[in-house]
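Trainee: I have not seen this structure before. Can you walk me through the helix packing and the ligand site?

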Amino acid sequence: MGFCVAIDGPAAAGKGTVSKAVATHFGFAHLDTGLLYRAVGAKVLSGMEPAAAAQALVPTDLTARDLRTPEVAQAASRVAVVPEVRAALVQFQQDFAARDGGAVLDGRDIGTVICPTAEAKLYVTASADVRAKRRFDELLAKGMDVTLVDVLADVQARDTRDRERVEAPLVAAVDAVVIDTSDLSIDAAVAAAIAAIEEVRA
Ligand code: C5P
């Protein structure tokens, strides 16, 4: 029997860290759906047309180049407004969500569009300043030449685009448990997520 955990939230809120830890804790498979949009964005940066790039996506596109750069993130959020791009990625995500043994998917529209019947839904968020600082530290650790001001602008531009798009906008599902990680350690955020999921598994 499948068990789907849907984890949504804005950029750099800690969804990735929480999702990986939750998947490990429960022995579920994990899909970072942002990587699909990043891979499409990267193909568009190399000259492809968005819908064609999404329709031609293959697993190696997810590992072929570093998709965790601010440039690719912006490209991802631009292709994510295109309905044909979103439509091309739905089936893969829904098949993943239905797999036996349980699945954790994190993204922007998992609890609202991809898995509206998910057994557990979380909305992981934090203030824009905290999210920008975390992303800034991550990029610095990777040796990238970035400034906090630029990273904050990048996060805010993506938030606005993700929240205001017509198709599958970023919004908490009405039945999602909201976890604000602004003042939480990683361990505390993970513990809150596990507790929320345990509650519906009981
Ligand atoms: O989660 P991540 O920051 O890697 O996502 C990159 C971009 O992909 C987001 O800003 C958003 O525009 C898009 N995205 C989306 N729906 C998802 C996951 C990501 O629109 N389920």
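Mentor: Start with a definition. Axes are lines fitted to C-alpha atoms, and angles run from 0 to 180 degrees between N-to-C directions. Bear in mind that this is a predicted model. Helix α2 (residues 34-45) and helix α5 (residues 83-97) pack at about 140°, and their axes are 11 Å apart.

Trainee: Why are α2 and α5 called oblique to each other?

Mentor: Set the angle against the cut-offs. Over 145 degrees counts as roughly antiparallel, and 65 to 115 as roughly perpendicular. The angle for α2 and α5 is about 140°. It fits neither class, so α2 and α5 are oblique.

Trainee: Which residues make the contact of α2 with α5?

Mentor: Leu36, Tyr37 and Val40 of α2 meet Val85, Arg86, Leu89, Phe92 and Gln93 of α5. By class, that contact has 6 nonpolar, 1 polar and 1 charged residues. The crossing of α2 past α5 is right-handed.

Trainee: What makes α1 oblique to α9?

Mentor: Helix α1 (residues 15-26) and helix α9 (residues 186-201) cross at roughly 50°, and their axes come within 9 Å. Angles under 35 degrees count as roughly parallel, and roughly perpendicular runs from 65 to 115. The crossing angle falls in neither range, so α1 is oblique to α9.

Trainee: What is the handedness of that crossing, and which residues in α1 take part?

Mentor: α1 and α9 cross in a right-handed way. From α1 come Thr17, Val18, Ala21, Val22, His25 and Phe26. Their partners in α9 include Ile186, Ala189 and Val190. The contact residues of α1 with α9 divide into 10 nonpolar, 2 polar and 2 charged.

Trainee: How do you know that α7 is oblique to α8?

Mentor: Helix α7 (residues 128-141) packs on helix α8 (residues 148-164) at about 120°, with axes 9 Å apart. Roughly perpendicular ends at 115 degrees, and roughly antiparallel needs over 145. The angle lies between those limits, so α7 is oblique to α8. The crossing of α7 past α8 is right-handed.

Trainee: Which residues meet there, and how do they divide by class?

Mentor: Among them, Arg131, Phe136 and Leu139 in α7 meet residues of α8 including Leu148, Val151 and Arg158. The contact of α7 with α8 divides into 8 nonpolar, 1 polar and 6 charged.

Trainee: Which residues come nearest to the ligand?

Mentor: Of the 14 residues around the ligand, Arg38, Arg86, Arg108, Arg158 and Asp162 come nearest.

Trainee: What makes the pair of Arg38 and the ligand a polar contact?

Mentor: The cut-off for N or O atoms is within 3.5 Å. A ligand oxygen is 2.5 Å from an N or O atom in the side chain of Arg38. That value meets the definition, so the pair is a polar contact. For Asp109, the side-chain N or O atom is 2.9 Å from a ligand nitrogen. For Arg165, the side-chain N or O atom is 2.9 Å from a ligand oxygen.

Trainee: Where is Ala29, and what does Ala29 touch?

Mentor: Ala29 is in strand β2 (residues 29-32). Leaving out residues up to four places away in sequence, Ala29 touches Ala23, Phe96, Arg99, Gly102, Ala103 and Val104. Ala29 and Phe96 are 67 residues apart in sequence, with 8.4 Å from C-alpha to C-alpha.

How values were computed
Residues numbered from 1 in each chain as written. Predicted model: local features only at pLDDT ≥ 70, side-chain atom pairs only at ≥ 80, totals over all residues. Heavy atoms only, no water. Helix = DSSP H or I, 4+ residues; strand = E, 2+ residues; numbered from the N terminus. Left-handed = near helix turned anticlockwise from the far one by under 90°. Contact = heavy atoms within 4.5 Å. Nonpolar A, V, L, I, M, F, W, Y, C, P; charged D, E, K, R; others polar. Near = heavy atom within 4 Å. Polar contact = N/O pair within 3.5 Å; in protein donor to acceptor, adjacent residues only side chain to side chain.
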